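User: I would like to go through the terms used for this model one at a time, with the reasoning behind each. Please set each value against its cut-off before concluding.

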Amino acid sequence: MKKKILCMFIGLMLMAPFVFSEGVGFSAQVSPVGFMNFNVWTKYDKDTIAHASTEVQKIFKDYDKFFHDGYNMYALGADLRISSAYLTLNVGLPRQITIDDIKNFGGTLNNNSFIFNGQLGCGGTFFKDSPINLFVGGGVGFDIIRTTRNIPATALALAGWTEDRLIGLLGLGLNVGVSFYFLPHVGIFAGVTDNLSFIQVSNQQYYTHGTVSEYLQKGVKDAKQAVSGLLANNFTARLGIAFKL
């Protein structure tokens, strides 16, 4: 993760000469206050579940449907806009997960859980000559979900086990933001982003108890091949400070 952030920072530095060239519009928003709602619907492959361990079969025995996981959390983020291009990055810090389809299986997430969300795309800024600027854009959306939690004692199949998930998704994103500039280059910002993801890049899901590990596919952490269908939605609303040149 640190290497990815460093590469992103270097890329922004390389773009700096173009940003400050004459005629190139530049604006940025930093949002320390936000709310993120993330939902994912997953349908598992019946043949994979049939060959999984007894514990996993007990959990996903009703495999012929979509299982729904939901998260609500605090989020913070930032936007960078150069002419019509934009980059949006959000980080959510989930503490609870609700799983509607498996009784007593939701619960509290460990502190190392996070959801990293973003978009890369193009858009337009309206009312540039007024104090209020409206931005509407769309592009490629991505989500990285990392969660760890202890399975509650009420979940009999895997009580006392730890669940680890690392999911990477791609899809389409919509970005809408309003900035009010009370100074020529400084203002306040409110915006929303919405990602609809349907492409799995990675989908690790496994359970551990001491030195013992259980996988949806025996011996394979990445459960991507064990998933026959997946759809995810990430909605994030943010408040912050806006800057423009």
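The exchange below takes up strand pairing, the nonpolar core, salt bridges and aromatic contacts in turn.

Analyst: One caution comes at the start, namely that this is a predicted model.

User: What makes S1 and S2 paired strands?

Analyst: Pairing requires at least two bridges between the strands, and 14 bridges join S1, residues 26–44, to S2, residues 67–82, so the two are called paired. They run antiparallel, and one of the bridges sets Met36 against Met73 in S2.

User: How do you know that S1 also pairs with S11?

Analyst: The same cut-off of at least two bridges applies, and S1 and S11, residues 227–244, share 16 bridges in the antiparallel sense. Within this pairing, Lys43 stands opposite Gly229 in S11.

User: Which residues have the most contacts inside the largest nonpolar core?

Analyst: That core has 19 residues, and those with the most contacts inside it are Phe38, Tyr71, Met73, Ile115, Ile145 and Leu169. At least two residues of this core come from each of S1, S2, S4, S8 and S11. For Ile115, leaving aside residues up to four places away in sequence, the residues touched include Met36, Phe38, Tyr71, Met73 and Ile145.

User: Why is the contact between Arg165 and Asp69 called a salt bridge?

Analyst: The term calls for a side-chain nitrogen of Lys or Arg within 4 Å of a carboxyl oxygen of Asp or Glu; the N to O distance for Arg165 and Asp69 is 2.4 Å, so the pair qualifies. Because Arg165 lies in S8 and Asp69 in S2, the salt bridge ties together parts that are 96 residues apart in sequence.

User: Why are Arg165 and Asp69 called buried?

Analyst: Buried means under 20% relative accessible area. Arg165 has 3% and is therefore buried, and Asp69, at 6%, counts as buried as well.

User: How do you know that Asp164 and Arg146 form a salt bridge, and what is the burial class of Arg146?

Analyst: Their closest N and O atoms are 3.5 Å apart, which is within the 4 Å limit. The pair links Asp164 in S8 to Arg146 in S7, 18 residues apart. Asp164 is buried at 11%, whereas Arg146, with a relative accessible area of 24%, is partly exposed, because that class lies between the 20% and 50% cut-offs.

User: What makes Arg149 and Glu163 a salt bridge?

Analyst: The N to O distance is 2.8 Å, again within 4 Å, and both Arg149 and Glu163 are buried. A search of the whole structure finds four salt bridges.

User: Why is the aromatic pair of Tyr86 and Phe135 called edge-to-face?

Analyst: Ring centres must lie within 6.5 Å, and planes over 60 degrees apart count as edge-to-face. Tyr86 and Phe135 are 5.4 Å apart centre to centre, with 80° between the planes, so both conditions are met. Tyr86 lies in S3 and Phe135 in S7, so the pair ties together parts that are 49 residues apart in sequence. Tyr86 is buried at 2% relative accessibility, and Phe135 is buried at 2% too.

User: Why is the pair of Phe116 and Phe142 called tilted?

Analyst: The ring centres of Phe116 and Phe142 are 6.2 Å apart and their planes stand at 40°; this angle is neither under 30 degrees, which would be stacked, nor over 60, so the pair is tilted.

User: How do you know that a charge sits over the ring of Phe135?

Analyst: The distance limit to the ring centre is 6 Å, and the charged end of Arg81 sits over the ring of Phe135 at 4.0 Å from its centre. Likewise, the charged end of Lys244 sits over the ring of Tyr181, 4.4 Å from its centre.

Note on methods:
Residues are numbered from 1 along each chain as its sequence is written. This is a predicted model: local features need pLDDT of at least 70, side-chain atom pairs count only at pLDDT 80 or more; totals for chains, interfaces and linings use all residues. Side-chain values use heavy atoms; hydrogens and water are left out. Helices (H or I, at least four residues) and strands (E, at least two) are DSSP runs, numbered from the N terminus. A nonpolar core is a set of buried Ala, Val, Leu, Ile, Met, Phe, Trp, Tyr and Cys residues joined through side-chain atoms within 4.5 Å. Buried means under 20% relative accessible area, exposed over 50%, partly exposed in between (1.4 Å probe, protein chains only). Contact means heavy atoms within 4.5 Å. Rings of Phe, Tyr and Trp (its six-membered ring) pair if their centres lie within 6.5 Å; planes under 30 degrees apart count as stacked, over 60 as edge-to-face and the rest as tilted. A charge sits over a ring if NZ of Lys or CZ of Arg is within 6 Å of the ring centre and within 35 degrees of the ring normal.
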